[in-house]
Amino acid sequence: MARSNLKPVSVAGIEFDALIEEQKTLSATIPVYPVEDGFPVSDTIILEPVSVSMTLYVSNTPVTWLYRHGTSNSRVNNICNRMEELWLSRQLVKIVTTDTVYTNMGLTSISIKHSKEIGYAREISLTAQKIRVTSRKTASIPSYILKAGETMANAGTASTSTTSSSAGTASGSTGGSSGSSGSSGGSGGSSGSSGGSSAKKNQSILYGVASGLGFI
């Protein structure tokens, strides 16, 4: 491949010197539901978002893209700071590798490695996951759906009313007051009814005793 056709690996427009390692993960979840026969069944496969993990290399003297970036003593620190800003901002990024373009990716982890073997350079390991973006749509409802019956007339609107408990209380209290006015006159009847119920009770007790002794 000609050098002019090569493109550096970039994350949100930040170009790195080299891609050391890349791993693309495709996973799915199969939900299971137990049935009465004693075994689980499944009826669908849920595809999980695509995730990618990669290890990138960046230095102050780019090993592959020197003609694009030149040399700078602050390039490594600037890129590390920009990666931290991307993580803090929680914005979706575009990742471009030598053979794949990932869009709408959310950065789930970033690890910056500094060791004596690489000197002032840095190895940046990151993990990103595809974010499924949804949009809201407004649907227009045809007028005939709002009609009812064979005549296709307007269904109308339902009227609602609230009943006040105080009104019921007032009417109850009015009836109670009128009833109380006649309670004095009917006190004799109530006492008579209570006496009749006591007599019936005594008769039932005597009937039970006689039946138990074998007289009845």
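**Entry 1: Val11 and its contacts**

I began with Val11 in this predicted model. Leaving aside neighbours within four places in sequence, I found Val11 in contact with Phe16, Leu56, Met83, Leu86, Val93, Lys94, Ile95 and Leu126. I then looked up the largest nonpolar core, which has 21 residues. Val11 is among those with the most contacts inside this core, together with Phe16, Met83, Ile95 and Leu126.

I next asked which helices and strands each supply at least two residues of this core. They are strand S8 (51–58), helix H2 (75–89), strand S9 (93–96), strand S10 (101–113) and strand S11 (122–130). The largest share, 5 residues, comes from H2. I noted beside this a general tendency: in soluble globular proteins, nonpolar side chains tend to be buried together.

**Entry 2: The sheet**

I traced an open sheet of 7 strands, and I recorded its order as S2-S1-S9-S10-S11-S8-S3, with antiparallel pairing. Which strands lie at the edges? They are strand S2 (14–15) and strand S3 (18–25), and each of them pairs on one side only.

I then went through several of the pairings.

- S9 and S10 run antiparallel and are joined by 3 bridges. Ile95 has Tyr102 in S10 as its bridge partner. These two strands form a hairpin, with 4 residues between them.
- S10 and S11 pair in the antiparallel sense over 8 bridges. Here I found Ile110 bridged to Leu126 in S11.
- S3 and S8 also run antiparallel, and 7 bridges join them. In this pair, the bridge partner of Thr25 is Ser51 in S8.

Two of these bridge residues had already appeared in my first entry: Ile95 and Leu126 are among the core residues with the most contacts, and both are in contact with Val11. I added one general remark on strands: in a regular strand the side chains alternate between the two faces of the sheet.

**Entry 3: Ser59**

I turned to Ser59, which has its place in the loop between S8 and helix H1 (66–69). Is Ser59 buried or exposed? Its relative accessibility is 5%, and the cut-off for buried is under 20%, so Ser59 counts as buried.

I then looked up what surrounds Ser59. Not counting residues up to four places away in sequence, Ser59 touches Asp17, Arg75, Val76 and Ala121. With one of these, Asp17, the side chain of Ser59 makes a polar contact of 2.7 Å.

**Entry 4: Glu84**

Glu84 is found in helix H2, the helix that gives the core its largest share of residues. I looked up the relative accessible area of Glu84 and found 44%. Buried requires under 20% and exposed over 50%, so Glu84 is partly exposed.

I also checked the distance from Glu84 to Ser111. These residues are 27 apart along the chain, and their C-alpha atoms are separated by 9.9 Å.

**Entry 5: The whole chain**

Finally, I recorded values for the chain as a whole. It has 4 helices and 13 strands. Of its 216 residues, 20% count as buried. The accessible surface comes to about 15800 Å², and 54% of this belongs to carbon and sulfur atoms.

How many of the contacts between residues at least 6 apart in sequence join residues at least 24 apart? I found the share to be 58%.

Conventions
Residues are numbered from 1 along each chain as its sequence is written. This is a predicted model: local features need pLDDT of at least 70, side-chain atom pairs count only at pLDDT 80 or more; totals for chains, interfaces and linings use all residues. Side-chain values use heavy atoms; hydrogens and water are left out. A nonpolar core is a set of buried Ala, Val, Leu, Ile, Met, Phe, Trp, Tyr and Cys residues joined through side-chain atoms within 4.5 Å. Buried means under 20% relative accessible area, exposed over 50%, partly exposed in between (1.4 Å probe, protein chains only). Contact means heavy atoms within 4.5 Å. Two strands pair if DSSP finds at least two bridges between them. A polar contact is a pair of N or O atoms within 3.5 Å; within protein, one must be able to donate a hydrogen and the other to accept it, and residues adjacent in sequence count only if both atoms are side-chain atoms. Accessible areas come from the Shrake-Rupley method with a 1.4 Å probe; for residues, only the protein chains shown count as cover.
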